[in-house]
Amino acid sequence: MGLDKLRLLYQTEVLDYANNPRNKSAMINPTAFEVVHNPSCGDTVTVFVKLVGNKIEDVSFTGTGCTISQASASMMTVAVKGKTKDEALKMAKIFSDMAMGKKHLDKDLTLLGDAAILTQVMQFPTRIKCATISWWALSQALLKKGKVND
């Protein structure tokens, strides 16, 4: 795929997820949640998770921020819903690794679903936190920081 086509795909996907967010709502009675705020740009994302056993039965987010942060949160919820806690933590690690410039195999990127397209934002260092904020919140919620229920 040519660079121009890749950029167009990136822009189209990010705008779609930002303008038509999936799973954007506060969850009633989540198992865990986490709020992450980026003071450098003002993005704030709250991720809510409902675990049944070790499986993510439901996940949603609320928040405000730039197009990238909101699109990434939306993509993240779609990607991890129905996954196990360990699978979701692995996905968050892959996403964070990519933000730090670490390479991953194509099969790892496939796990991220549409969120893999956000690898394009990693070439703009000032936007990395925008793309990763919801993944950080997910990890922290799954690790029980911000735990609601025992």
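The following exercises, each with a worked solution, concern a predicted model of a protein chain.

**Exercise 1. Overall architecture**

Determine how many helices and strands the protein chain has, and in which order its elements run.

*Solution.* The count gives five helices and three strands. Reading from the N terminus, the order of the elements is α-β-β-β-α-α-α-α. Two further values describe the chain as a whole. Of its 150 residues, 42% count as buried. Among contacts between residues at least 6 apart in sequence, 60% join residues at least 24 apart.

**Exercise 2. Helix 3 and helix 5**

Establish how helix 3 and helix 5 are oriented to each other, and which residues make their contact.

*Solution.* Begin with the geometry: helix 3 spans residues 85-99 and helix 5 spans residues 128-142, and the two pack at an angle of about 155° with their axes 9 Å apart. Angles over 145 degrees count as roughly antiparallel, and helix 3 and helix 5 are therefore roughly antiparallel to each other. Their crossing is left-handed.

Next, list the residues of the contact. Helix 3 contributes Lys85, Ala88, Leu89, Met91, Ala92, Phe95, Ser96 and Ala99, while helix 5 contributes Ile128, Ala131, Thr132, Trp135, Trp136, Leu138, Ser139 and Leu142. Sorted by class, this contact of helix 3 with helix 5 has twelve nonpolar, three polar and one charged residues.

**Exercise 3. Helix 2 and helix 5**

Carry out the analysis for helix 2 and helix 5: find their orientation, the handedness of the crossing and the residues in contact.

*Solution.* Helix 2 covers residues 67-80, and its axis comes within 7 Å of that of helix 5, crossing at roughly 40°. This angle falls outside the ranges for roughly parallel, antiparallel or perpendicular; helix 2 and helix 5 are therefore oblique to each other. The crossing of helix 2 with helix 5 is right-handed.

On the side of helix 2, the contact is made by Ile68, Ser69, Ser72, Ala73, Met76, Ala79 and Val80; on the side of helix 5, by Cys130, Ala131, Ile133, Ser134, Trp135 and Leu138. These residues divide into ten nonpolar, three polar and no charged.

**Exercise 4. Cysteine sulfurs**

Find how many disulfides the model has, and explain why cysteine 41 and cysteine 66 form no bond with the closest cysteine sulfur.

*Solution.* A disulfide is a covalent bond between the sulfur atoms of two cysteines. The cut-off needed here is 2.5 Å between the sulfur atoms. For cysteine 41, the closest cysteine sulfur is that of cysteine 130, at 4.4 Å, which is too far for a bond. For cysteine 66, the closest is again in cysteine 130, at 3.6 Å, also too far. The count is accordingly zero disulfides. As to its surroundings, cysteine 41 is partly exposed, with a relative accessible area of 39%.

**Exercise 5. Two loop residues**

Locate histidine 104 and arginine 127, and identify their contacts beyond neighbours within four places in sequence.

*Solution.* Histidine 104 lies in the loop between helix 3 and helix 4, the latter being residues 106-111. Its relative accessible area is 25%, so histidine 104 is partly exposed. Beyond its sequence neighbours, histidine 104 is in contact with Ile94, Asp97 and Met98. Isoleucine 94 is ten residues away in sequence and 7.3 Å away in space, C-alpha to C-alpha.

Arginine 127 lies in the loop between helix 4 and helix 5. With 28% relative accessibility, arginine 127 also counts as partly exposed. Its contacts, with neighbours likewise left aside, are Cys66, Ile68 and Val121. Arginine 127 and isoleucine 68 are 59 residues apart in sequence, yet 7.8 Å apart in space, C-alpha to C-alpha.

Technical notes: Residues numbered from 1 in each chain as written. Predicted model: local features only at pLDDT ≥ 70, side-chain atom pairs only at ≥ 80, totals over all residues. Heavy atoms only, no water. Buried < 20%, exposed > 50% of the residue type's maximum accessible area, 1.4 Å probe, protein only. Axes fitted to C-alpha atoms, helices over the stretch in contact; angles between N-to-C directions. Parallel < 35°, antiparallel > 145°, perpendicular 65-115°, else oblique. Left-handed = near helix turned anticlockwise from the far one by under 90°. Contact = heavy atoms within 4.5 Å. Nonpolar A, V, L, I, M, F, W, Y, C, P; charged D, E, K, R; others polar.
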